[in-house]
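Visitor: Could you take me through one part of this structure slowly? I am new to this, so please explain the terms as they come up.

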Amino acid sequence: MNSLDHFALRKLDNLDQVLLRRRLTETAREDGLWVQRDSRRLLSFSCNDYLNLSHDPRVKQAAIEALLRYGAGAGASRLVTGNHPLMAELEGKLATFKGTQACCVFGSGYLANLGIVPALMSAGDLVLIDELAHACLHGGMQLSSAKTAVFRHNDVQHAGAILQAARKHARHAILLTDGVFSMDGDRAPLPALAELCQSYDCWLMVDDAHGFGVLGQGHGASATFPEPPQIPLQMGTLSKAIGGYGGYLCASQPVIDLMKTRARTLIYSTGLPPASAAAAIKALEIIETEPELTAKPLANAQIFTQKLGLEEATSPIVPIILGEAGAALKAAQILAENGFLVTPIRPPTVPKGTARLRFAFTAGHSREAILQAAEIVATLPRTV
Ligand SMILES: *Cc1c(COP(=O)(O)O)cnc(C)c1O
């Protein structure tokens, strides 16, 4: 056997042995809630389509019209010919909704973070990051060639101690965090982080992939505080509550202008398909005009946490930590046998020994289904 295949097979074998090999499972989503898997129909608690907008008839219609008129793809990078007029409309709407001067839309949330951080930070600078921040924030940090420091999860004092020791040696500093943490569902202490960052002239960047559209009447995690914290770099995705695809950064005009000339994932990657821009514009209009819809995913998560006697949910994400990878796999299987899709999450996505089921609640889940799922969860075998 050639060395490449030998290498791949050995890696796969090692992963199999510790139950950490992942496999793609064919899944056809019927609507915003139900999926077809292995010719079975399951109610999904694993989609980040919090408002079920991916299948909203108005959103689909907007995408269809743009697709028929403008085609399936953008044709080139936005800096070449891929900057369809719908992009300016979408960016204008996002900036207004987030209360910033300007916005830059990227091909995805992942691409946004890989582009934004290195466009701002380089050798001689300092990047601080929450240990549980999303993989693509860590990725952006690694691409930046700046000095890096990881602070303990949501530990403002630890971040402060790092800044105290290292800020004076760095030209610029940035602090990266999720607004809502994707695997735990808890929120960052944004006012305290914002205050800390201001006192050290450190730029705060918040990835609000799971807050946008569902917290603070849809405006995001930062809008849930009585006094909205100062966050100069507000990043998010169009692929969760918005229901489509794409990523964004909302910030001041100079920062956005810099992104559009320096962010490599914007410059060297094809623009978002016009149909995706049209879908996102329509979804944003729905969010703006239906604040009661945006409140439902969190309310549904709270029905679940209350039933199970857990700490009240503060986002639509509720983890049920089961321990070893095997326990999470088994739990997912039990839920599937009862008609529920809840994907098990294992290391390295989450720390070792904290394999879990990750429930994501959407506006469309019924109270009965939530209570039924909670009853099954109460009986799951655990290894923690
Ligand atoms: C999903 C996610 C991303 C990536 O966004 P995509 O648009 O799916 O690439 C980034 N950050 C966080 C916190 C996420 O949960």
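Guide: Let us look at helix α10 and the two helices that pack against it. This is a predicted model, in which local features need pLDDT of at least 70 and side-chain atom pairs count only at pLDDT 80 or more, while totals for chains, interfaces and linings use all residues. Residues are numbered from 1 along each chain as its sequence is written, and side-chain values use heavy atoms, leaving out hydrogens and water.

First, some vocabulary. Two packed helices are described by the angle between their axes and the distance between those axes. Helices are DSSP runs (H or I, at least four residues), numbered from the N terminus, as are strands (E, at least two). An axis is a line fitted to C-alpha atoms, for helices over the stretch in contact, and the angles run from 0 to 180 degrees between N-to-C directions.

Begin with helix α2, residues 57–70, and helix α10, residues 274–289. Their axes come within 8 Å and cross at roughly 155 degrees. α2 and α10 are therefore roughly antiparallel to each other (angles over 145 degrees count as roughly antiparallel, under 35 as roughly parallel, 65 to 115 as roughly perpendicular, and the rest as oblique). The crossing of α2 and α10 is right-handed; that is, the near helix is turned clockwise from the far one by less than a right angle, whereas anticlockwise would be left-handed. Contact means heavy atoms within 4.5 Å, and α2 makes this contact through residues including Arg58, Ala62, Ala66 and Tyr70. On the α10 side, the residues include Pro274, Ala278, Lys282 and Ile286. The residues of this contact divide into twelve nonpolar, no polar and two charged. Here Ala, Val, Leu, Ile, Met, Phe, Trp, Tyr, Cys and Pro count as nonpolar, Asp, Glu, Lys and Arg as charged, and the others, Gly among them, as polar.

Now turn to helix α3, residues 85–98. The axes of α3 and α10 come within 9 Å and cross at roughly 30 degrees, which makes α3 roughly parallel to α10. α3 passes α10 in a left-handed crossing. Among the α3 residues in the contact are Leu86, Leu90, Lys93 and Phe97, and α10 brings residues including Pro274, Ala278, Ile281 and Glu285. By class, the contact of α3 with α10 has twelve nonpolar, no polar and four charged residues.

Pro274 and Ala278 of α10 are worth finding on your screen: they belong to the contact with α2 and also to the contact with α3.
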